[in-house]
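Let's explore a structure together, one question at a time. Take a moment to look around before we start.

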Amino acid sequence: MSDTITCPSGLTGRIRGMKVREERILADRKLARAGGQVDQLLAACWEETLDAGPYDFGDKEIDWGKALQGDRFFALLQIRTLTYGPEYAFSVNCNNEGCRERIEWELDLGELPVRALSEESRAAFLDGNRFETRLPDAGKKVWFRLLTGADEQKLPRLRKGAGDRLLSAMLAFRVVEVEGVEARDKRRLLEDLSMRDADFLVDEFDRVDCGVETSIEVECSECLSVQDVDLPFDRTFFMPGKGRTARRRARTASSLE
Ligand SMILES: [Zn+2]
């Protein structure tokens, strides 16, 4: 079973569904920790590049490390959909303090909104992945970049090392230059930004990016509170059968209470 897909940047290719042999990738804990799982799955199921979109892979095969996060995730969703169909069932804990019930949710992955890479963003990406904006409070110009697969691999370590300074670490990771500021003073300047500027910057990162919207609303059937959750990607995403078993077990357990 194969299908032709066009990713948000215009990258187009032929994918196939996952085979049993990909089990090896899914089960590899070392690979999961290193963040290489997604790359290996994409490499295994991407059969042919038909249009490289904004990327230059030369005459080599596709390099997922160079691909934008939005494209990678989109391709991954399509591979998952081709393999098991578009329905995705998962459960999250209700975030209402007084409730904490398990919320069982099911959605159609094909209905998640997808944002294409705009012409303007494509041009900035081709121009060395440099995006320009101006901070409203500091009044300075800032250049930042969109995240690629290679960056994605570095995120777990960045998060771990950042401790309680995750925001400034993330900003420093993405901001390549600040107007009139030496590279060595960048981190300090970013720590001195007003929260409003930081918030603005994070919005700018999102505004120019492409990809699949993974923030969804779920409603707790117990207390009826509605909450935003980020689509969870645990093992059940690639092995929905295991999720089914876990849900069945949870249902049995709660009916015995
Ligand atoms: Zn609830």
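A donor here is an N, O or S atom within 2.8 Å of the metal. Keep in mind that this model is predicted.

Q: Which residues coordinate the zinc ion?
A: Look for the donor atoms around the metal. Each of them is an SG atom, at 2.3 to 2.4 Å from the zinc ion. The residues that supply them are Cys 94, Cys 99, Cys 220 and Cys 223.

Q: What is the arrangement of the four donor atoms around the zinc ion?
A: Ideal angles for four tetrahedral donors are 109.5 degrees. Around the zinc ion, the four donor atoms subtend angles of 104 to 112 degrees, so the arrangement is tetrahedral.

Q: How many residues apart in sequence are the parts that Cys 94 and Cys 220 tie together?
A: Along the chain, the donors of the zinc ion follow the spacing C-x4-C-x120-C-x2-C. Cys 94 sits in the loop between strands S4 and S5, and Cys 220 in the loop between S11 and S12, so this pair links parts whose separation in sequence is 126 residues.

Q: Is H6 roughly parallel or roughly antiparallel to H7?
A: Helix H6 (residues 149-162) and H7 have axes that come within 9 Å and cross at roughly 150 degrees. Angles over 145 degrees count as roughly antiparallel. Therefore H6, relative to H7, is roughly antiparallel.

Q: How many charged residues are in the contact of H7 with H9?
A: From H7 come Leu 167, Leu 171 and Arg 174, which meet Met 195, Ala 198, Leu 201, Val 202 and Phe 205 in H9. By class, seven residues of this contact are nonpolar and none is polar, while the number of charged residues is one.

Terms used. Residues are numbered from 1 along each chain as its sequence is written. This is a predicted model: local features need pLDDT of at least 70, side-chain atom pairs count only at pLDDT 80 or more; totals for chains, interfaces and linings use all residues. Side-chain values use heavy atoms; hydrogens and water are left out. Contact means heavy atoms within 4.5 Å. Helices (H or I, at least four residues) and strands (E, at least two) are DSSP runs, numbered from the N terminus. Ala, Val, Leu, Ile, Met, Phe, Trp, Tyr, Cys and Pro count as nonpolar, Asp, Glu, Lys and Arg as charged, and the others, Gly among them, as polar. Donors are N, O and S atoms within 2.8 Å of the metal (3.2 Å for Na, K and Ca); water is not among the atoms, so sites may look incomplete. Four donors count as tetrahedral if all angles lie between 85 and 135 degrees; four count as square planar and six as octahedral if opposite donors are over 155 degrees apart and all others between 65 and 115; anything else is irregular. Axes are lines fitted to C-alpha atoms, for helices over the stretch in contact, and angles run from 0 to 180 degrees between N-to-C directions. Angles under 35 degrees count as roughly parallel, over 145 as roughly antiparallel, 65 to 115 as roughly perpendicular and the rest as oblique.
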